[in-house]
Amino acid sequence: MTVPTLPTVRLGADGPSVGVQGLGCMGMSEFYGPTDRTEALATLDAALEAGVTLFDTADAYGFGRNEELIGPFIRANRDKVVLATKFALERKEEDPSYRGIRNDPAYIRAAADASLRRLGVDEIDLYYMHRRDPAVPLAESVGAMAELVRAGKVRRLGLSEVTGAELREAHAIHPIAALQSEWSVFARDVERTAVPAAAELGVAFVPYSPLGRGFLTGAFQAAEQLAADDVRRTQPRFTGPNAAANAELLAPLREIATDRGVTLAQVALAWVHQRAEVHGLTVVPIPGTRKRSRLAENTAAATLRLTAGELARLEPVAGEVAGDRYPDMRFTQVGRE
């Protein structure tokens, strides 16, 4: 399969050059229903061929199995890829619904060592704090992350779902290369404080769920259409009256996609990519997929340019979305703003 090679950008002020679109690997192991391991692994190879070089995982995905899954691919292409993983979401396999947040230094050190073992590498290129526990001072948590850099276990630091004020405070402790938070046509919370702070500090922004967890592709219109164990069944935007109302909001995306001869996913991703110019910062979205066909569709969106008129038609969408991003918003940046 031939796919276009992506343009490249720099991840942070002095970070590595990466393809302008990365790959979220979470769904290859958990959360979005059944997956085909063989196709998932083939998708990793296809992504690299297409110019994707930032591969994103976390210790919480599949209880560590996602790191184990992509580890052989990372090792085989170590000089070509930028590996991002995360700590902070504590889970219990005997209770899959349990979620804890750990930012204490001892936990951070142990989590980094465990990720290195599962991935089979000596160093993590980009290590994120997956979620912030406000009870732990950033001086302690980011300080512990900085120690990992000095020890040669981590190259660069990232944060996820932090406010603009938290990003500034953390960056003063140790340079932050990237901020990863949800950002899409349906989710623009980050534009309040986090995006301006990232632009000011030269921090790259890595939007997760740029396709609204698949909702913006039109692949489903309500959680009831998904597998019984699909995590989206618990998310307010995709259930009950919220889902029906939000499905109506896809109309302008459908119209633009029809007019341009592209897909809804490509329109949604093009919108995210053009945030770089709107806000004056580096933007590297990481749409997740387990299929080579979707990968080709997604990467093609990196060079799709929406007109000013098309962007204007999409501008009001986020303000009309019904329901929160998560059932519990306390551990998102908007929950602390």
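Contact means heavy atoms within 4.5 Å. The legends below describe a predicted model.

**View 1. Leu23 and its contacts in the predicted model.** Leu23 touches residues from several parts of the chain. Setting aside residues up to four places away in sequence, its contacts include Met28, Leu44, Ala47 and Val52. Leu54, Phe55 and Asp56 also touch Leu23. Further along the chain, Ile286, Pro287, Thr289 and Leu295 are in contact with Leu23 too.

**View 2. Two nonpolar cores.** The largest nonpolar core has 84 residues. Leu23, Phe55, Leu167, Phe205 and Leu306 have the most contacts inside it. Helix 9, residues 264-273, gives the most to this core: eight residues. A second core is separate and has 17 residues. Among them are Leu54, Ala84, Tyr128 and Val334. In soluble globular proteins, nonpolar side chains tend to be buried together.

**View 3. An open sheet of seven strands.** The strand order is 3-4-5-8-9-10-11, and the pairing is parallel. Strand 3 (23-24) and strand 11 (204-208) are the edge strands. Each of these two pairs on one side only. Strand 9 (residues 154-160) and strand 10 run parallel and are joined by four bridges. One residue to find here is Ser160, whose bridge partner in strand 10 is Gln180. Helix 4 (residues 138-150) packs on the sheet. Helix 4 touches strand 5 (82-87), strand 8 (124-129) and strand 9. The directions of helix 4 and strand 9 make an angle of about 155°.

**View 4. Strand 11, an edge strand with both faces covered.** Five of the five residues of strand 11 are buried, so this strand is largely enclosed by the rest of the structure. Ala204, Val206 and Tyr208 are buried on one side. Phe205 and Pro207 are buried on the other. Phe205 is also among the residues with the most contacts inside the largest nonpolar core. Strand 11 pairs with strand 10 in the parallel sense, over five bridges. Ala178 stands opposite Ala204 in strand 11. Together, strand 10, helix 6 and strand 11 make a right-handed β-α-β unit.

**View 5. Arg188, a buried arginine in a loop.** Arg188 lies between strand 10 (176-182) and helix 6 (194-201). Its relative accessible area is 16%. Buried means under 20%, so Arg188 counts as buried. The Arg188 side chain makes a polar contact with the side chain of Glu191, at 2.8 Å. The side chain of Arg188 also reaches the backbone oxygen of Glu315, at 3.2 Å. Leaving aside neighbours within four places in sequence, Arg188 is in contact with Trp183, Trp271, Arg275, Glu315 and Ala318.

**View 6. Phe63 and Glu161, two loop residues with positive phi.** Phe63 is not a glycine, yet its phi is positive, about 55°. Phe63 sits in the loop between strand 4 (54-56) and helix 2 (65-76). With 21% relative accessibility, Phe63 counts as partly exposed. Glu161 is not a glycine either, and its phi is also positive, about 55°. Glu161 lies in the loop between strand 9 and helix 5 (164-173). Glu161 is buried, with a relative accessible area of 0%.

Terms used: Residues numbered from 1 in each chain as written. Predicted model: local features only at pLDDT ≥ 70, side-chain atom pairs only at ≥ 80, totals over all residues. Heavy atoms only, no water. Core = buried A, V, L, I, M, F, W, Y, C linked by side-chain atoms within 4.5 Å. Buried < 20%, exposed > 50% of the residue type's maximum accessible area, 1.4 Å probe, protein only. Polar contact = N/O pair within 3.5 Å; in protein donor to acceptor, adjacent residues only side chain to side chain. Pairing = 2+ DSSP bridges. Axes fitted to C-alpha atoms, helices over the stretch in contact; angles between N-to-C directions. Right-handed = clockwise from strand over helix to strand, strands pointing away.
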